[in-house]
Amino acid sequence: QVHVVESGGGLVQSGGSLRLSCAASGDITSIYLMAWYRQVPGGQREWVASIADGDYTTYTESVKGRFTLSRGSAKSITFLQMNGLKTEDTGTYFCELLQRGGDYWGQGTQVIVSS
C-alpha cells in the first residue's frame with residue numbers, strides 16, 4: 001500500500017505564490033514519475049507538471065515560467081512552487097505517484113486564487 005499526501009494549498013491573491021508538497025510513503029518500489037494535476041468543480045482533471053527519472057520535468061504550457069517542480073530530500077517527495085498565480089490556477093491539486101506495480105493518487109489540496 002502506498003499513501004500519497006498533498007499539502008500547502010490555500011487562499012492567495014492574484015500574483016501571489018504558494019508551494020505545494022507531495023509526500024508518498026509505504027511500499028515504494030521504483031518510481032517512474034510523480035506528477036501534479038488540477039481540477040475545478042465540474043471540470044476535467046488537467047495535467048500540470050511531471051518529474052521523471054533523471055529529474056526531467058515537463059509542464060503544461062499555461063504554467064511554464066511560473067511553476068517549478070522539484071524533488072525533495074527523498075525521491076518520493078516533490079514540491080510544486082507556484083509563482084505569479086492567476087485566477088485560472090484555482091482548483092484542487094492532486095499528486096500522482098507512478099511506480100513499478102502501481103499508480104497512486106492523493107486526496108488533493110485546494111488552491112483558490114482571488115482577483
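**A tour from strand S1 to strand S11**

Begin by selecting Val2, which lies in strand S1, the stretch covering residues 2-7. Keep in mind throughout that this is a predicted model. Val2 has a relative accessibility of 5% and therefore counts as buried, the cut-off for that term being under 20%. If you display the surroundings of Val2 and leave aside residues up to four places away in sequence, you will find that Val2 touches Ala24, Ser25, Asp27, Ile28, Leu97, Gln99 and Tyr104. Tyr104 deserves a distance label, since 102 residues along the chain separate Tyr104 from Val2 while their C-alpha atoms are 6.8 Å apart.

Next, widen the selection from S1 to its sheet. Four strands make up this open sheet, and they follow the order S1-S3-S8-S7 with antiparallel pairing. At the edges are S1 and strand S7 (67-71), each of which pairs on one side only. Looking across the sheet, you will see neighbouring strands turned against each other by 15° on average, with direction ignored.

Now select the middle of that order, strand S3 (residues 18-26) and strand S8 (residues 77-82), which run antiparallel and are joined by six bridges. To locate one place along this pairing, pick Leu18, which stands opposite Met82 in S8.

From here, move to the side chains of the largest nonpolar core, which has 25 residues; those touching the most other members are Met34, Trp36, Phe67, Leu80, Met82 and Tyr93. At least two residues of this core are supplied by each of S1, S3, strand S4 (31-39), strand S5 (46-52), S7, S8, strand S9 (91-99) and strand S11 (109-114). S3 gives the largest share, four residues.

Within the core, centre the view on Leu80. Setting aside residues up to four places away in sequence, Leu80 touches Leu18, Arg19, Leu20, Trp36, Ala49, Phe67, Thr68, Leu69 and Tyr93.

Finish at S11, colouring its two faces separately: Thr109, Val111 and Val113 form the covered face, whereas Gln110, Ile112 and Ser114 form the uncovered one. Which way does strand S2 (residues 10-13) run relative to S11, parallel or antiparallel? The two strands run parallel and are joined by four bridges, and you can find Gln13 with its bridge partner Ser114 in S11. S11 also pairs with S9, in this case in the antiparallel sense and over three bridges. For a last selection, choose Thr92, which stands opposite Gln110 in S11, the latter being one of the residues on the uncovered face.

Terms used:
Residues are numbered from 1 along each chain as its sequence is written. This is a predicted model: local features need pLDDT of at least 70, side-chain atom pairs count only at pLDDT 80 or more; totals for chains, interfaces and linings use all residues. Side-chain values use heavy atoms; hydrogens and water are left out. Buried means under 20% relative accessible area, exposed over 50%, partly exposed in between (1.4 Å probe, protein chains only). Contact means heavy atoms within 4.5 Å. Two strands pair if DSSP finds at least two bridges between them. Axes are lines fitted to C-alpha atoms, for helices over the stretch in contact, and angles run from 0 to 180 degrees between N-to-C directions. A nonpolar core is a set of buried Ala, Val, Leu, Ile, Met, Phe, Trp, Tyr and Cys residues joined through side-chain atoms within 4.5 Å.
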